[in-house]
Amino acid sequence: MTSAAVEAPPEAPRASECGPAAVDDRVHLARFDPATRRLHAVVMATFLGLAATGMPLLFSEAPWARALAAVFGGFHGAGLVHRFFGAALLAAVAWHLSNVCYRAFVRGERGLFWGPTSMVPQPRDVADLYAQMKWFFGAGPRPRFEHFAYWEKFDYWAVLWGTALMGAAGLVLWFPVAASRLMPGWMFNVALFVHGAEASLAIGFIFVVHFFNGHLRPGKFPMDLVIFTGSVAAGEMRGERAAEFARLERTGAIRSFVVADPAPAIVRRGRIIGAAGLVLGLALVSLIVYAVAR
Amino acid sequence: MSIRRIRFGLVVAAVCAASVSGATTSAPSPQPATSEDCLSCHGDAGARRADGRSVAVDAARVAASIHAPLACVDCHADAGKDLPHADRLAKVACGSCHDDVAGKYHDSIHAWAKEKAGLVGAPSCAECHGAHDVTPHTAATSRVYRGRVPATCGACHAGVREKYDAGVHAAALKKGASNAPVCIDCHAAHATARTDTDAWRLRATAECGTCHANVVESYRRTFHGKVTSLGSARVAACADCHGAHDIRSAAETTSTVSKARLVETCGRCHQGATERFVQYDPHPDPSDYSRGAVLWWANRFYWLLIPGCFGFFGLHSALWYWRSSHDGERS
């Protein structure tokens with residue numbers, strides 16, 4: 001289970017840092033850089049905005065549809081806000097993809113597309129999933145995860161894939177006459193259906209599965225602040241991502257990850273933003289459940 | 001309806017009682033004029049008033065009407081005091097009995113035109129129902145009988161009637177389809193409203209759905225249908241594509257939704273629409289493979305993907321929760 005740890009760390013440690021190194025459980029280790037946190041903030045805000053402004057149309061015959069649209073000034077207001085958030089999310093994803101390309105091909109960063117710190121699914125994720133299942137049933141120890149666990153990779157690729165698909169479908173619906181130069185008109189029917197079905201999937205997945213895995217599950221409840229503060233306590237990381245922790249300790253690189261404890265103001269801001277997102281998201285999911293169950 | 005029947009019965013009973021008491025008591029006067037009194041002048045076919053207009057009343061037509069049991073003065077309330085009565089009498093107030101209908105009429109565009117806009121030709125009760133010869137709308141001879149409604153409305157709205165007569169609904173009506181829509185089904189008989197409001201346009205779509213339920217259901221799956229059900233009328237509703245009075249079968253080349261005219265019809269909103277653009281299906285059905293294979297496959301795919309995703313991760317989360325609580329893990 002520690003086979004991935006033989007991979008070279010992303011930044012080769014200096015000679016003086018080589019060899020086993022230990023850090024106190026209470027110190028904080030960097031996990032998400034500011035750019036990643038900003039990307040999450042933009043995705044979070046636009047996703048909530050897109051869900052709240054799109055749901056009145058997707059569930060137009062639900063009793064709450066008109067009231068939810070009225071929050072944004074009625075259907076036309078909701079449509080404008082939806083297009084604004086859609087464009088913002090597409091811009092954020094475009095920025096992210098170009099940033100990945102810049103890091104990989106200009107700065108020559110290694111380990112982005114394969115290895116222990118990569119977001120790309122690889123054999124160890126299948127092994128981790130199997131081990132996790134065994135752990136669920138008490139047939140094995142908790143798997144020793146690397147930088148990104150398999151459910152985190154699923155979240156990432158689901159959002160990326162969903163944004164690409166819904167963005168494309170959304171643009172077709174936004175500019176149908178222009179789109180008709182590239183495709184027959186019945187593709188608008190497909191675009192609307194796919195946009196709505198993928199939205200249902202995304203809203204349900206983010207506001208239920210991602211919320212549970214990332215925040216609400218035992219051990220994280222009520223929320224994991226790492227995406228807001230950027231750092232995680234060493235003790236928590238040792239339990240959560242044993243393989244990564246061991247790899248960083250063995251190479252000594254762990255010392256270069258030590259950062260100052262997050263400022264109380266940052267923690268407070270994270271709690272407020274995170275709680276607001278959780279409450280809004282769960283409220284939107286409740287509306288969908290109500291509309292579907294009715 | 002039943003209340004009106006009861007009231008009608010009471011009026012008839014009162015009339016009878018009054019005539020009986022009139023016969024038995026020898027009260028001096030003033031007695032209200034009886035219908036016979038009225039007909040002594042108005043029964044003359046040549047009766048005219050000072051300005052030369054005929055004031056003759058055909059007693060046989062009154063007797064054949066639904067109001068036959070009433071006396072003249074029940075409607076012409078100010079006519080019976082002194083005979084001969086004044087030159088000009090008050091207008092008959094049908095609303096004194098039919099107050100629910102009168103209330104609807106009062107808020108209608110016809111009442112507005114007549115009473116506020118000064119359009120003296122606009123109809124009140126008698127223009128549609130007749131005056132002395134009022135018969136129930138169920139009688140084939142009535143001017144407001146379903147089959148005769150287009151002719152009655154068309155007496156003023158001649159241009160609309162011409163269009164209506166050329167459409168599928170008039171054809172169905174002529175073939176004897178008693179549920180084929182006539183003017184009053186969409187426009188309402190008494191509460192006739194302006195047709196240029198959003199509220200009216202949105203309600204009209206619901207009206208089409210009372211017969212074309214599955215067509216409106218498929219429309220509700222589209223962007224157009226979802227936007228209109230949110231209360232915005234700035235996108236296409238039924239009449240915007242199909243027309244209103246002169247709706248024709250799509251098979252006819254003159255129809256606005258015929259293949260020959262789709263580019264023109266869609267292009268009214270979507271400037272630059274082409275032959276490819278109008279391959280859009282305004283009434284999609286994802287469960288109908290023949291209407292669109294790609295949509296059918298997309299529907300199939302998501303019906304597997306969505307339950308699959310939620311099923312897997314729902315179970316995953318439940319097991320995780322169970323294992324964590326079992327292990328006593330707390331944050």
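How many helices and strands are there in chain B? I looked this up before anything else and found 17 helices and 0 strands. Helices here are DSSP runs of H or I with at least four residues, strands are E runs of at least two, and both are numbered from the N terminus.

A note to self on the source: this is a predicted model, where local features need pLDDT of at least 70 and side-chain atom pairs count only at pLDDT 80 or more, while totals for chains, interfaces and linings use all residues. Residues are numbered from 1 along each chain as its sequence is written, and chains are lettered from A in the order in which they are written.

Next I turned to the interface. I found 42 residues of chain B in contact with 37 residues of chain A, contact being C-beta atoms, placed from the backbone, within 7 Å. On the chain B side, helix 17 (293-327) and helix 14 (223-229) each supply at least two residues. Helix 17 of chain B gives the largest share, 17 residues.

Then I checked the cores. A nonpolar core is a set of buried Ala, Val, Leu, Ile, Met, Phe, Trp, Tyr and Cys residues joined through C-beta atoms within 7 Å; buried means 20 or more other C-beta atoms within 10 Å of a residue's own. The largest has 49 residues, and Ala191(A) and Ile203(A) have the most contacts inside it. Helix 7 (residues 186-216) of chain A brings the largest share, 16 residues. I also noted a second, separate core of 10 residues, with Leu29(A) and Ile227(A) among them.

Definitions and conventions:
Two residues are in contact if their C-beta atoms, placed from the backbone, lie within 7 Å. A residue is buried if 20 or more other C-beta atoms lie within 10 Å of its own, exposed if 12 or fewer, and partly exposed in between; C-beta atoms are placed from the backbone.
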